[in-house]
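Subject: Structure handover

Hi,

Here is the structure I promised to pass on. My notes follow below it.

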Amino acid sequence: MDIRGICVASVVLQTVIFGSGSAFTKLAYDSISPMWALAVRFGLASAVFAVLFGPRIVRGLKGARIADWLPAALCMAVSYISCNVALDLTTATNVGFLMALPVVFTPILAAFVTRRRYRLAHLPFQVAVVGGLYLLCSSGGSFTFGWGEFCGLLTAVSLAGALVFGERGLARLDVVTVSGTQIFVTFAASLAGALLFDKPLDAGAVQPMAWGVVAFLALASTCLTFALQNMALTHLPSSTVSMLLTGEPIFTALFSWGVLGETLSAMGLVGAAIIIVCVVAETWIDSRAASPSGKAAGKGTAPAADPVSALADATMSASVAVPQLGVSQPQAAYERL
């Protein structure tokens with residue numbers, strides 16, 4: 001499997017983890033508030049990154065401009081805070097629908113931020129994916145739009161910003177540094193929100209299952225997924241990553257059905273099939289578009305030193321997978337398409 005295939009598989013794994021995390025998160029809310037759950041989650045993730053990669057992140061930020069990492073980190077913080085609030089206000093399935101909408105916003109935002117030409121080839125797939133997502137999450141027409149859905153939409157817009165600004169930042173910084181800054185800023189923002197707008201945390205009242213969910217979210221759904229997403233952005237355009245992330249509602253719906261009892265209708269299954277077809281087709285077309293310049297897209301890019309082995313080594317040594325990749329070359333992220 002070539003590096004593009006590995007990156008595609010990494011984002012698919014990310015969608016599975018995110019999908020399961022969305023369902024399990026609602027279980028934790030029985031004994032811990034969304035803001036405190038988020039603060040503890042990203043506090044633990046920050047501690048892991050600080051212990052494993054603190055000096056490396058500090059070295060990476062020396063000489064870097066704030067614009068290289070802060071916009072993506074702020075967008076990521078907003079996306080996680082709004083997503084967790086949305087999960088408390090509406091169904092996990094509906095949140096999954098809205099969280100997949102970066103596929104619509106990312107190519108448009110990329111046209112402004114990275115000056116990348118918007119390809120009309122994206123349009124039919126985007127329209128079809130939105131339709132498929134609606135069928136998946138509307139349960140035959142019961143999809144409603146309230147404050148929870150508004151927060152879910154804010155999640156989609158901010159996640160699109162995190163993808164686009166993250167791709168730009170990865171032209172100057174390495175995967176670990178970008179992931180670390182996003183985790184640290186999200187922790188600071190969520191802790192501030194919990195202290196300002198929530199009651200003090202009563203740790204004794206939090207059920208063991210909730211602590212377990214928070215630990216899973218910190219290690220798998222934060223440390224691992226941030227690394228997978230940012231690794232993918234060093235070799236795939238943000239528009240492709242956002243399209244692959246549309247698979248998340250499928251896993252969210254499946255886990256929500258199994259864990260929370262939320263229904264997945266026959267029309268939902270049709271919607272899931274539409275999403276899968278669109279994701280596979282878009283990925284195939286994008287690969288074909290990149291293949292003539294696939295070597296060109298990677299020209300000037302340092303050869304990836306067996307990212308699978310790097311991912312495995314990090315998993316074995318740290319109990320959290322973070323690919324040990326070097327700094328991507330400045331123009332590599334912009335020469336695709």
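Where does UniProt place the feature "transmembrane region"? The unreviewed entry puts it at residues 35-54, 66-87, 93-113, 120-141, 173-197, 209-228 and 266-285. UniProt positions are in the numbering used here, feature names are shortened, and annotations may be inferred rather than shown by experiment.

Ground rules. This is a predicted model, where local features need pLDDT of at least 70, side-chain atom pairs count only at pLDDT 80 or more, and totals for chains, interfaces and linings use all residues. Residues are numbered from 1 along each chain as its sequence is written, and side-chain values use heavy atoms, with hydrogens and water left out.

Confidence. pLDDT is the predictor's confidence in each residue, from 0 to 100. The protein's mean is 75, and 77% of its residues reach 70 or more. Among its elements, helix H8 (residues 175-197) has the highest mean pLDDT, 93, and helix H14 (residues 307-318) the lowest, 33. Helices (H or I, at least four residues) are DSSP runs numbered from the N terminus; strands (E) need at least two. Over residues 293-337, pLDDT stays under 50. The model still has 81 contacts there beyond four places in sequence, a contact being heavy atoms within 4.5 Å. Where pLDDT is low, the predicted coordinates should not be read in detail.

Two of the UniProt spans. Residues 66-87 are 82% helix and 0% strand, with end C-alpha atoms 31 Å apart. Residues 93-113 are 90% helix and 0% strand, and their end C-alpha atoms also lie 31 Å apart.

Core. A nonpolar core is a set of buried Ala, Val, Leu, Ile, Met, Phe, Trp, Tyr and Cys residues joined through side-chain atoms within 4.5 Å. Buried means under 20% relative accessible area, exposed over 50%, and partly exposed in between (1.4 Å probe, protein chains only). The largest core has 43 residues. Ile32, Phe49 and Tyr80 touch the most other members. Elements giving two or more residues to this core include helix H1 (3-28), helix H3 (70-89) and helix H7 (147-169). H2 gives the largest share, 11 residues.

Salt bridges. The rule is a side-chain nitrogen of Lys or Arg within 4 Å of a carboxyl oxygen of Asp or Glu. That yields three salt bridges.

- Arginine 56 and aspartate 174 meet at 2.9 Å, N to O. This pair links distant parts of the chain, helix H2 and the loop between H7 and H8, 118 residues apart. Aspartate 174 counts as buried because its relative accessibility is 7%.
- Aspartate 68 and arginine 65 meet at 3.0 Å, N to O. Aspartate 68 is buried at 7% relative accessibility; arginine 65 is partly exposed at 46%.
- Aspartate 68 also bridges to arginine 172, with the closest N and O atoms 3.6 Å apart. Here the loop between H2 and H3 is linked to the loop between H7 and H8, 104 residues apart.

Arg65, Asp68 and Arg172 thus form a network of salt bridges.

One residue to look at: threonine 222, in helix H9 (residues 208-233). Threonine 222 counts as buried because its relative accessibility is 0%. Its side chain makes a polar contact of 2.7 Å with that of arginine 41. A polar contact is a pair of N or O atoms within 3.5 Å; within protein, one must be able to donate a hydrogen and the other to accept it, and residues adjacent in sequence count only if both atoms are side-chain atoms. Not counting residues up to four places away in sequence, threonine 222 touches Arg41, Phe42, Ala45, Ile183 and Leu217.

Best wishes
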